[in-house]
Amino acid sequence: MIRISSQFDSGAIEVVDASDPTNIRLRLRDDNTADVRQWFHFRLQGARAQACTLVFENAGQATFPGGWEGYRVVVSYDRRNWFRLQSGHYDGQRYVFGLTPDFDSVYFAYFEPFPWERHLDLLGTADASPVATVSDLGATPDGRDLNLITIGRAAPGKRRIWVIARQHPGETMTEFFVEGLLERLYDTSDPVSRRLLERACFFVVPNMNPDGSVRGNLRTNARGVNLNRAWREPDMTDSPEVALVRARMLGTGVDVFLDIHGDETLPFVFVDGNGMVPGFTEVHARAEQRFSDTLRAVTPDFQTERGYAQDRFSDEMLTLASKWVFHQFGCLSLTLEMPFKDNANLPDGLFGWSAARSRRLGEATLQALLAALDAE
Ligand code: ZN
């Protein structure tokens, strides 16, 4: 007897009919209160050694239908080691994939999950580090803690570097990125980290959207708000996550800002800057250039050929975190995007873009941040 379940941390799927293993009919579930769907995470039981075919019947109505082109599902038996299925097919409406499970239970997800327990472990590691402290910014709509990790000590003359991740909770690669960045920063034998902490204090929000993460949402918080459209006018009822972080930023000031994201469609790592925002000068351009040149030099996973088109500026853009921060503080302020699929310039057939590579990218980014400070 086959069973499919998703009543666990970040679980999300709807079962239409699982009676026939060769045609397991599923639907992508909406975010809890928004017309958004793409994230999935579920467990299939009782199909050991049976050839299973699974179908997302509403893949064509996903928020980013282009995300299914060339996409391969992430799978694990033990919830520690995740790998990619070797194939999957999108016909413009349905996404079909298959597996003959080696074990009684198998987990499927859109990307390797970053569980809430691991988030708490990340805070525990920060607390145990002599260079970091953990503080509470306030509560989310569901009553979860919104935490800030501070690394190094703020002091006159020191730069203030802010890094936030997981405004879009389904972009779990972003918290792996932060994990890699933090662990390198805690390493007192690393010369890049030492120099950075000599010159700067870090403020890191590893998970901007705890409620959406646990609820298994792709893009919104418990109130149905896309937090990366709430920066101009956040409020304490619907988007307290942004209101709380914004208030702290106004208190500390910001010299460098990174907002970490995952892109469903583009198979590349890239950054999006502020060239179109009024007030952007040669000095800002140099800092962006220095950051990108350095990151490209230290990791072949980063590139500058492909990215978002530079739209004409509109006030609406100030609802986005990196645009609002640039407008408010006039500093280097970037959105960094990782792929859900793979880096097409350096593909990995077994794992695609993965948690491990996201961590490596987080580590490498410290070098680019140091170069950006030097550019000033
Ligand atoms: Zn995003």
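**Reading a zinc site and the cysteines**

Reply: Let's begin with the metal: the zinc ion has 4 donor atoms with angles of 57 to 147 degrees among them, and its site is irregular. Keep in mind that this is a predicted model.

Me: Why is the site of the zinc ion irregular?

Reply: Four donors count as tetrahedral if all angles lie between 85 and 135 degrees. Here the angles run from 57 to 147 degrees, so the site does not pass as tetrahedral.

Me: Which protein atoms are the donors of the zinc ion?

Reply: They are ND1 of His 168, OE atoms of Glu 171, listed twice, and ND1 of His 261, at 2.1 to 2.3 Å from the zinc ion. Along the sequence, the donor residues follow the spacing H-x2-E-x89-H. Glu 171 and His 261 link distant parts of the chain, 90 residues apart. Glu 171 sits in the loop between strand E13 (159-165) and helix H2 (173-186), while His 261 belongs to strand E15 (residues 256-263).

Me: Are Glu 171 and His 261 buried or exposed?

Reply: A residue is called buried when its relative accessible area is under 20%. Glu 171 has 1%, so it is buried, and His 261, at 2%, is buried as well.

Me: Now the cysteines: how many disulfides are there?

Reply: The test is a pair of cysteine sulfur atoms within 2.5 Å, and the count here is 0 disulfides. Take Cys 201, which is in no disulfide: the nearest cysteine sulfur belongs to Cys 331 and lies 15 Å away.

Me: Is Cys 201 buried or exposed?

Reply: Cys 201 is buried, with a relative accessible area of 1%. Cys 52 also counts as buried, at 3% relative accessibility.

Note on methods
Residues numbered from 1 in each chain as written. Predicted model: local features only at pLDDT ≥ 70, side-chain atom pairs only at ≥ 80, totals over all residues. Heavy atoms only, no water. Donors = N, O, S within 2.8 Å, 3.2 Å for Na, K, Ca; no water. Tetrahedral: all angles 85-135°; square planar, octahedral: opposite > 155°, others 65-115°. Helix = DSSP H or I, 4+ residues; strand = E, 2+ residues; numbered from the N terminus. Buried < 20%, exposed > 50% of the residue type's maximum accessible area, 1.4 Å probe, protein only.
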